[in-house]
Amino acid sequence: MKKFSNILLIALASLLLVSCLEDTDWKKYEEWRTDQDEWLKSQLARTEANGDKYFETVAASFDKNAVVYIHYHNDREATKNNLVPLYTSVVDVKYHGRLYNDVPFDSSYLSTSPADSVLRFSQSGLITGWVIALENMHVGDSITVIVPWNVGYGEGSKGDVIKPYSHLIFDMKLKDIYKYEAKP
């Protein structure tokens, strides 16, 4: 019985330690989170000249609580009959990625393969925010998408620039869906 009590005590102490560590990280990035959240509120309050919201809230088809905020730069009527990627698709995309404070962290414009400024991705290997955005695009669509931290890299960091809890902004153009052909 004493062994069981010791094991239980160790398990509880471990849980307490883990929760304290998580709490410390949450507090460590409090100012970063607050600044981004204020910026996000200002972006979601933006309107077009006609009064329409600038960013559209788009939920994932697979999880209505997972959302991104999209602004389309093209006439969607012109692309409505174009192909839409599936989760299993490989997509060709042009993009710039930056943080809320305009610090850049990634760009396809440094690439020359498979084509100038285009990178090829398997959707299944992307952050959730990109999957949501791409499932709401047709080939030829250009967007600005805000990816909240919980559908981006979450509580983790990525490289030297992307801190935990980072909202990400991407200017994206879906150029093609690799080896996808519409059947007549």
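Which residues of α4 are buried? The legends below work through a predicted model, and the first close-up takes up that helix.

**View 1. Helix α4 and its cover.** The buried residues here are Gly 129, Trp 130, Val 131, Ile 132, Ala 133 and Leu 134. That makes 6 of the 8 residues of α4, so the helix is largely enclosed by the rest of the structure. If you want to see what sits over those buried positions, look at the strands: the cover includes β1, β2, β3, β5 (119–122), β6 and β7.

**View 2. Strand β6, buried on both faces.** Pick either side of this strand and you'll find buried residues: Ser 142, Thr 144 and Ile 146 line one face, while Ile 143, Val 145 and Val 147 line the other. With 6 of its 6 residues buried, β6 is largely enclosed by the rest of the structure, too.

**View 3. The strands paired with β6.** β2 and β6 run antiparallel and are joined by 4 bridges. Here Tyr 72 stands opposite Ile 143 of β6. β7 also pairs with β6 in the antiparallel sense, this time over 6 bridges. Within that pairing, Val 145 has Phe 170 in β7 as its bridge partner.

**View 4. The surroundings of Phe 170.** Leaving out anything up to four places away in sequence, this side of the picture gets crowded with names: Phe 170 touches Tyr 95, His 96, Gly 97, Phe 105, Ile 127, Trp 130, Ile 143, Thr 144, Val 145 and Val 147. Two of the residues met earlier are in that list, namely Trp 130 from the buried part of α4 and Val 145, the bridge partner of Phe 170.

**View 5. The largest nonpolar core.** This core holds 42 residues, and those with the most contacts inside it are Trp 130, Leu 134, Val 145, Phe 170 and Met 172. At least two residues each come from α2 (30–44), β1 (56–60), β2 (63–72), β3 (90–99), α4 (128–135), β6 (142–147) and β7 (168–177). As a bit of background, nonpolar side chains in soluble globular proteins tend to be buried together.

**View 6. Zooming back out.** The protein has 4 helices and 7 strands, and from the N terminus on its elements go α-α-β-β-α-β-β-β-α-β-β. Of its 184 residues, 37% count as buried. Among contacts with a separation of 6 or more, 68% are between residues 24 or more positions apart. The accessible surface comes to about 11,300 Å², with 53% of it belonging to carbon and sulfur atoms.

Terms used. Residues are numbered from 1 along each chain as its sequence is written. This is a predicted model: local features need pLDDT of at least 70, side-chain atom pairs count only at pLDDT 80 or more; totals for chains, interfaces and linings use all residues. Side-chain values use heavy atoms; hydrogens and water are left out. A nonpolar core is a set of buried Ala, Val, Leu, Ile, Met, Phe, Trp, Tyr and Cys residues joined through side-chain atoms within 4.5 Å. Buried means under 20% relative accessible area, exposed over 50%, partly exposed in between (1.4 Å probe, protein chains only). Contact means heavy atoms within 4.5 Å. Two strands pair if DSSP finds at least two bridges between them. Accessible areas come from the Shrake-Rupley method with a 1.4 Å probe; for residues, only the protein chains shown count as cover.
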